[in-house]
Amino acid sequence: MLITETIRQALQLGLQHAFPQLFTPAESAPDVALEEPSHPSFGDLSSPVCLKLARTLRANPLQLAQKLAETLSREPIPGVAEVNVTPPGYVNFRFDYEGLAQLVINQVGREGDLYGSRDAINYTLFIFFKVVIEHTNINPNKAAHIGHLRNACLGDTLARILTAVGYEVEVQNYIDDTGTAVADIVVGYELLGWQEDERSFDYFCWDLYTAINEEYAKKPELKKRQLEVLHSIEEGIDEIALQAKKIAERIVVCHLKTMARLGIFYNLLTWESHILQLGFWKHALSSLQGSTSLVLEQDGPNVGCWVVRLKDHPEFAGMENPDKVLVRSNGTATYVAKDIAYQMWKFGILGKDFSYAPYGSQENGATLWTSVLQGGETGAFGGANKVINVIDIRQKYLQDVLRVSLGQLGYQEQAANSVHFAYELVVLSAEAAKELGVVSDEEEEKDMYAMAGRKGIGVKADDLVELVWQKATQEVARRSPGLSTLEQEKLGLQIAVAAIRYYMQRYNMNTLIRFDFAEALNMQGNSGPYLQYAHARAHNILERAASRGLYPAKEIVFPEEKLNDSEKVLLRRIAALPEVLLKAAGELAPSTIAEYAYQLAASFMAFYEASPVTTAPPAVATFRLSLVAAYKQALANSLQLLGIPALNRM
RNA sequence: GCGCUCGUAGCUCAGCUGGAUAGAGUGUUUGGCUACGAACCAAAAGGUCGCAGGUUCGAAUCCUGCCGAGCGCGCCA
């Protein structure tokens, strides 16, 4: 039982007794908000509910609060020592910290790795809800850059969060192996005559991609060849198509390696070429043709096309020509059309399926599967209740069209469960751009620069990993010269993963990340390595204590003295995890977990300074050891959600 | 032109459905390792929350307008 939930319920009950008029009709019960007081002298938790009620009840909020507090004081609330009132009308609760410590430490000890998620699972398990999360989705024609990294990190953490609260989660990585991006590599090989060198293949293609695009700019007639190649690839039968497929497959291997190093794994790869060859769209069209929203235009700008009617939909009000073409007048399908068919497959309403075969094993122990044209297993994937597409904000319009179209075409429920998990871009700060040499002299200086694959402007994901890894390894070597080089490097990589993943996940979704090398390499303060250090320190205390025969107690026994502030704050932070996780899952907000983990770690650091453990008198030491053990578990669980390795030393 | 997002400390960002004295990190200055690891902690300085109105007991938060920034808006892919 969470302390906040207990207080919330008590407040509800108290309101009901003090102001019965609020509860007629019964469902009009007011929402009870709880917040941390701005100053600890007020209490441990406060509710401004009376301030809000002041308007509806047309009464002085302070008097309302006093009446409510009086009612609340009649019955003891578990975990609460005192209720009081402060102007302008807050009701404040002071915890019974011994009771709270008992509850929280026991709960963490009981639930272990499940602490934080178990309460949530109790709420959600009965639903049996399957969520498909699609992320990464990098064009298979060049190395991944830091923009792709944000996508993959967010998608992966989202999957971890939703799994933790009890959903069945399936992670898919969609490979667009038939687009112009891959075609450009084929054309590049043909026209530029490059030979592969010792560079990794995705790096080689990174340069080839920019080279061929420079060539297009010089000789626009080459675009004709690009189109021919593209058609061949879409047909999927000749030598060219085979070559393109091979390029895409090799690049995908590179991408998977890049992501695996960061602890990011998938359940299924789906290939655009399979979607084309299995005729997903044709299948979708046949089942949609009865819909009144899908029409063959007889006149107007879209004459001769099949369009989905969106002009009457409020989301597209005010647009000049909101109707969306699905089939061109030449009979071919547009991108949105294919997207609709694919989304229908994800929901299991297409009536057509891929076959599936194992693609390989992954370091997390799970098998990675891939779609195949034939001969594999069937029915194992898709069929989701909810689909989350992790795609940057630039795709918002198309994702809106996709979702609304699904609804217009008769799939309201699926439309309501289609989520575009949109996040802002990663751009280069002026300094980063300068370091990469992308600022030309003539250009007037800007304070940020967009990455551009065609121009080769961007920071490659693996370059960043190597850079941070190198720095972290140097630090480890400096601090732990006794370790073998191999061990130093292993720790260095885990620290680099922490730094990078934290950097990619700590920002809100709609915050544009201005990538800066100094900031991404930062390992102090609000950073991933700080979290790891806060874990290692706790481990060290427990280990040190054990070597002296001291262990966390099975039954919490309190020392004579009252708990000090650093213990209280730490305890409250530990207690907050279940609630924070539920919030992060409900709002699909990974940064909530990052913020929480930092707060938790910081409160431990303060505790560490103020409250010695192993050197304290035995009764105090035993209690603090229990607290440290509970904290370490809570932090480890948070780090697990963030995909950050919890280290015992660094 | 229309739509979405953003503007908070020198810099990078938090600030929850309106609530108490607007918070972190970083940078600057200062103090703390014979200690459970200093990848740490403590302290100081640093703010007209873009500007102007409005709504109300109360606005960084909601509404309107303006200024500035970014991104979208094809039978393209």
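**Strand pairing, the surface near RNA strand B, and helix 7**

In the predicted model, strand 14 (residues 426-429) is joined to strand 16 by three bridges in the parallel sense. Within this pairing, L428 lies opposite F515 of strand 16. Strand 14 also pairs with strand 15 (residues 448-449), here in the antiparallel sense and over two bridges. In that case S429 faces M448 of strand 15.

Strand 16 (513-515) recurs in the surroundings of the RNA, being one of the elements that give two or more residues to the surface near RNA strand B. The others are strand 3 (90-95) together with helix 2 (49-57), helix 14 (396-408), helix 17 (461-479), helix 20 (528-547) and helix 22 (590-610). Helix 20 provides the largest share of this surface, with eight residues. Around RNA strand B there are 73 residues, of which S46, L51, N508, G525 and Y533 come nearest. Classified by residue type, the surface near RNA strand B comprises 34 nonpolar, 23 polar and 16 charged residues.

Helix 7 (residues 180-192) was examined separately. The 13 residues of helix 7 span 17 Å from the first C-alpha to the last, close to the expected 18 Å at 1.5 Å a residue. Its buried residues are A181, V182, A183, D184, I185, V186, V187 and G188. The cover over these buried residues includes helix 8 (201-218), helix 9 (223-235) and helix 10 (239-261). After helix 7 comes G193, with a positive phi near 60°.

Note on methods:
Residues are numbered from 1 along each chain as its sequence is written. Chains are lettered from A and ligands numbered from 1 in the order in which they are written. This is a predicted model: local features need pLDDT of at least 70, side-chain atom pairs count only at pLDDT 80 or more; totals for chains, interfaces and linings use all residues. A residue is near a molecule or strand if its C-beta atom, placed from the backbone, lies within 6 Å of it. Helices (H or I, at least four residues) and strands (E, at least two) are DSSP runs, numbered from the N terminus. Ala, Val, Leu, Ile, Met, Phe, Trp, Tyr, Cys and Pro count as nonpolar, Asp, Glu, Lys and Arg as charged, and the others, Gly among them, as polar. Two strands pair if DSSP finds at least two bridges between them. The expected span of a helix is 1.5 Å times one less than its number of residues. A residue is buried if 20 or more other C-beta atoms lie within 10 Å of its own, exposed if 12 or fewer, and partly exposed in between; C-beta atoms are placed from the backbone. Two residues are in contact if their C-beta atoms, placed from the backbone, lie within 7 Å.
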